[in-house]
Amino acid sequence: MSTIKVDNLQTTSGSGLFPSRAWVNFQGSGTVGIRGSGNVSSITDNANGLYTVNYTNNMSNNDYATTGTAVGGYQGTSGSNGRCGTVSPNLNATYSTSAVQLITKDSADVNIDSSKVAISIIS
């Protein structure tokens with residue numbers, strides 16, 4: 001295995017790299033479970049398409065960004081199987097230093113469980 005050395009890594013606003021502070025790939029339909037993760041302790045299944053991602057180590061503040069995808073295995077509202085959905089923070093919930101709540105939706109903007117959800121948290 002090779003070692004990569006990064007010199008002069010800066011994480012201040014306006015310069016440098018901003019690596020993920022946490023990430024997770026999880027089963028969002030049926031029995032919810034983590035496939036792989038970094039700095040994520042657990043997933044809470046709150047309702048159809050509504051999850052809470054709990055951090056192992058808290059974020060330094062509530063001002064972070066999330067990005068994600070939801071793919072495959074869910075039933076679309078038209079009765080056909082969907083292949084790709086959206087993942088977004090729950091705008092009715094407050095970002096916290098210990099967790100973020102997210103929603104997965106189908107193309108008709110309906111909350112729906114997805115077989116694979118992947119998100120990254122950047123701070």
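# Strand β4 and its surroundings

In this predicted model, Tyr55, Tyr64 and Tyr95 come together as one aromatic cluster.

User: Happy to dig in! Which pattern does the chain follow along the sequence?

Analyst: Good place to start. The chain has zero helices and eight strands. Read along the sequence, the pattern is therefore β-β-β-β-β-β-β-β.

User: How many residues of strand β4 are buried?

Analyst: Let's take β4, residues 50-55, one side at a time. Leu50, Thr52 and Asn54 point one way, Tyr51, Val53 and Tyr55 point the other way, and all are buried. For the chain as a whole, buried residues make up 37% of the 123 residues. In β4, the number buried is six of six.

User: Which residue in the turn between β3 and β4 has a positive phi?

Analyst: Strand β3, residues 40-47, pairs with β4 in the antiparallel sense over six bridges. Ala47 of the chain stands opposite Leu50 in β4. The two strands form a hairpin with two residues between them, and the residue with a positive phi, about 70°, is Gly49.

User: And what is the bridge partner of Val53 in β7?

Analyst: β4 also pairs with strand β7, residues 99-105, in the antiparallel sense, here over five bridges. Within β7, Thr52 has Gln101 as its bridge partner. For Val53, the bridge partner in β7 is Val100.

User: How many residues of β7 are buried?

Analyst: Both faces of β7 are covered. Ala99, Gln101, Ile103 and Lys105 lie on one side, with Val100, Leu102 and Thr104 on the other, and all are buried. The strand is largely enclosed by the rest of the structure because its buried residues number seven of seven.

User: Which residues touch the most other members of the largest nonpolar core?

Analyst: This core holds 17 residues. The elements that give two or more residues to it are β1 (20-27), β3, β4, β7 and β8 (116-122). Val53 has contacts with residues including Val24, Val40, Leu102 and Ile119. The residues that touch the most other core members are Val53, Tyr55 and Ile119.

User: Which side chain makes a polar contact with the side chain of Thr52?

Analyst: Thr52 lies in strand β4 and is buried, because its relative accessible area of 13% falls under the 20% cut-off. Among the residues Thr52 touches are Ser42, Ile43, Thr44, Asn46 and Gln101. The side-chain polar contact, at 2.8 Å, is with Asn46.

User: Back to the aromatic cluster: is Tyr55 buried or exposed?

Analyst: Buried means a relative accessible area under 20%. Tyr64, one of the cluster members, is buried at 8%. Tyr55 has 5% relative accessibility, so Tyr55 counts as buried.

User: What are the rings of Tyr55 and Tyr64 as a pair, stacked or edge-to-face?

Analyst: A pair of aromatic rings is described by the distance of the centres and the angle of the planes. A search of the whole structure finds three aromatic pairs. For Tyr55 and Tyr64, the centres are 6.0 Å apart and the planes stand at 80°, so the pair is edge-to-face.

User: Last one: what share of the exposed area do carbon and sulfur atoms supply?

Analyst: Here we step back to the whole chain. The chain exposes about 7,200 Å². Carbon and sulfur atoms supply a share of that area equal to 49%.

Key:
Residues are numbered from 1 along each chain as its sequence is written. Side-chain values use heavy atoms; hydrogens and water are left out. Buried means under 20% relative accessible area, exposed over 50%, partly exposed in between (1.4 Å probe, protein chains only). Helices (H or I, at least four residues) and strands (E, at least two) are DSSP runs, numbered from the N terminus. Two strands pair if DSSP finds at least two bridges between them. A nonpolar core is a set of buried Ala, Val, Leu, Ile, Met, Phe, Trp, Tyr and Cys residues joined through side-chain atoms within 4.5 Å. Contact means heavy atoms within 4.5 Å. A polar contact is a pair of N or O atoms within 3.5 Å; within protein, one must be able to donate a hydrogen and the other to accept it, and residues adjacent in sequence count only if both atoms are side-chain atoms. Accessible areas come from the Shrake-Rupley method with a 1.4 Å probe; for residues, only the protein chains shown count as cover. Rings of Phe, Tyr and Trp (its six-membered ring) pair if their centres lie within 6.5 Å; planes under 30 degrees apart count as stacked, over 60 as edge-to-face and the rest as tilted. Lists of a residue's contacts leave out its neighbours within four places in sequence.
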